[in-house]
Amino acid sequence: MNPFPYAEDKNKRYHSWNFALRQEFGEKIFKVPIDAGFDCPNRDGTVAKGGCTFCSVSGSGDMIVAPEAPLPEQFEKEIAMMHKKWPQVDKYIVYFQNFTNTHAPVAVIRERFEQVLTLPGVVGISTGTRPDCLPEDVVDYLAELNQRFYLWVELGLQTTFETTSNTINRAHDYQTYLDGVASLRKHNIRVCTHLINGLPGETIEMMQENVRRTIQDSDIQGIKLHLLHLMRNTRMLRDYHEGRLQLMRRDTYVSLICDQLEMIPPEIIIHRLTGDAPWDSLVGPMWSLKKWEVLNEIDQEMLRRNSYQGKFNVRKEPVNAADRHAL
């Protein structure tokens with residue numbers, strides 16, 4: 001018997017994104033990635049130049065089908081591809097994925113977002129951004145969207161350690177992240193935090209600590225756990241060639257993910273446990289290309305342990321967003 005209450009089947013022992021969407025909408029939903037043409041303050045000189053050392057030239061949008069096309073056309077091309085596998089799906093969450101999707105005047109953000117939010121079948125929005133790109137007027141617009149749509153704001157944190165953050169040229173500190181979450185939660189906006197496992201210099205214990213701190217310190221409703229993909233034409237490639245970066249083994253990653261899941265409260269939605277990367281630009285780990293095999297191994301390891309998400313819950317009491325903001 002599966003002891004986990006947020007499970008879509010007997011094999012899942014964590015609160016999956018797919019399960020959460022079926023609970024919310026009663027059916028399968030597509031998350032449709034698009035490139036809205038935003039830049040990043042860590043590339044254009046606003047806070048730094050060069051970007052995070054792991055970031056490719058497409059800003060995490062390597063898998064988008066037609067990034068140069070007008071936004072409605074991008075949307076249509078993406079869902080046309082998805083419909084080849086799931087032709088019956090007719091509701092969509094637009095995912096503003098590439099770079100920093102709140103790094104612009106609010107009038108520009110509004111104009112680009114609204115182009116696709118009125119398209120047939122759109123029921124939700126997910127926007128990727130940085131915690132240092134949430135000025136008050138932008139948060140007010142997000143709060144407005146939160147009244148109109150099912151909204152998630154995905155905040156790139158990647159690590160809670162300042163030494164690592166400096167190594168990867170993140171160009172903001174942990175407190176900025178905490179402040180960003182608090183400003184969103186004042187409006188009851190759902191927050192999904194991104195963390196990367198396998199960054200240069202981080203031990204297994206540090207990766208576990210990243211999850212513990214994030215859960216204990218911030219009022220988040222979702223989390224993405226990424227494997228570090230080492231990509232060609234990134235600054236991090238130098239770290240690898242000079243011996244400062246060791247790529248994770250598959251068995252180590254699976255074990256770590258299970259450790260992290262055990263720490264995460266069961267109500268927090270797991271948006272991702274690994275990631276996608278184009279094979280022709282991936283340096284490693286090459287085993288990551290077999291995404292479904294990795295996910296199946298995570299399921300098998302949780303079953304072998306007789307474990308589940310939140311078994312060793314590190315958040316004993318819910319975080320009070322208002323109190324956290326006041327600190």
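Which residues do ring pairs link into a cluster with Trp 17? Select Trp 17, Phe 25, Tyr 150 and Trp 152: ring pairs link these four into a cluster. Keep in mind throughout that this is a predicted model.

**Rings and charges**

By the rule used here, the count of aromatic pairs comes to 12. One of the pairs is Phe 4 with Tyr 6, whose ring centres are 5.7 Å apart with planes at 55°, so the pair is tilted. Colour the two residues by accessibility. Phe 4 has 5% relative accessibility and counts as buried, while Tyr 6, at 29%, counts as partly exposed.

Next, select Lys 31 and Tyr 95. Lys 31 lies over the face of the Tyr 95 ring, at 4.0 Å from the ring centre. Then move to Arg 213 and Phe 161, where Arg 213 lies over the ring face of Phe 161 at 4.2 Å from the centre.

**Strand β2 and its neighbours**

Select residues 92-96, which form strand β2. Is this strand enclosed or open? Five of its five residues are buried, so β2 is largely enclosed by the rest of the structure. In a regular strand, side chains alternate between the two faces of the sheet. Turn the view to look at each face of β2 in turn. On one side are Tyr 92, Val 94 and Phe 96; on the other are Ile 93 and Tyr 95. All of these are buried, and both faces are covered.

Now add strand β1, residues 30-34, which pairs with β2 in the parallel sense over five bridges. To find one point along this pairing, select Phe 30: its bridge partner in β2 is Tyr 92.

Strand β3, residues 122-129, also pairs with β2 in the parallel sense, over five bridges. Here Val 94 stands opposite Ile 125 of β3. Show helix α3, residues 106-117, as well: β2, α3 and β3 make a right-handed β-α-β unit.

**On to strand β4**

From β3, go to strand β4, residues 150-158. β3 and β4 pair in the parallel sense over six bridges, and Ser 126 stands opposite Trp 152 in β4. Trp 152 belongs to the ring cluster at the start of the tour, as does Tyr 150. Add helix α4, residues 136-148, to see another right-handed β-α-β unit, made by β3, α4 and β4.

How many of the nine residues of β4 are buried? Nine of the nine are, so the strand is largely enclosed by the rest of the structure. One side carries Tyr 150, Trp 152, Glu 154, Gly 156 and Gln 158. The other carries Leu 151, Val 153, Leu 155 and Leu 157. Both faces are covered.

Select Leu 151, which lies in β4. Leu 151 counts as buried, with 0% relative accessibility. Not counting residues up to four places away in sequence, Leu 151 touches Ile 125, Leu 142, Leu 145, Asn 146, Ile 189 and Arg 190. For a distance across the fold, pick Leu 151 and Gln 221: they are 70 residues apart in sequence and 12 Å apart in space, C-alpha to C-alpha.

**Strand β5 and Ile 196**

β4 and β5 pair in the parallel sense over six bridges. Select Gln 158 to find its bridge partner in β5, Leu 195.

Strand β5 covers residues 190-197, and Ile 196 is in it. Ile 196 has 8% relative accessibility and counts as buried. Leaving aside neighbours within four places in sequence, Ile 196 is in contact with Phe 54, Gln 158, His 226, Leu 227 and Leu 228. Among these, Leu 227 is 31 residues from Ile 196 in sequence and 5.8 Å away in space, C-alpha to C-alpha.

**The nonpolar cores**

Which residues have the most contacts inside the largest nonpolar core? Select Leu 117, Leu 142, Leu 145, Leu 184, Leu 273 and Ile 298; the core itself has 66 residues. Helix α9, residues 250-263, gives the most to this core, with seven residues.

Zoom in on Leu 273. Apart from neighbours within four places in sequence, Leu 273 is in contact with Tyr 14, Leu 225, Tyr 253, Ile 257, Leu 261, Leu 295 and Ile 298.

The last stop is a second, separate core of 11 residues. Select Phe 54, Ile 168, Ile 196 and Leu 245, which are included in this second core.

Note on methods:
Residues numbered from 1 in each chain as written. Predicted model: local features only at pLDDT ≥ 70, side-chain atom pairs only at ≥ 80, totals over all residues. Heavy atoms only, no water. Phe/Tyr/Trp six-rings, centres within 6.5 Å; stacked < 30°, edge-to-face > 60°. Buried < 20%, exposed > 50% of the residue type's maximum accessible area, 1.4 Å probe, protein only. Lys NZ or Arg CZ within 6 Å of the ring centre and 35° of its normal. Helix = DSSP H or I, 4+ residues; strand = E, 2+ residues; numbered from the N terminus. Pairing = 2+ DSSP bridges. Right-handed = clockwise from strand over helix to strand, strands pointing away. Contact = heavy atoms within 4.5 Å. Core = buried A, V, L, I, M, F, W, Y, C linked by side-chain atoms within 4.5 Å.
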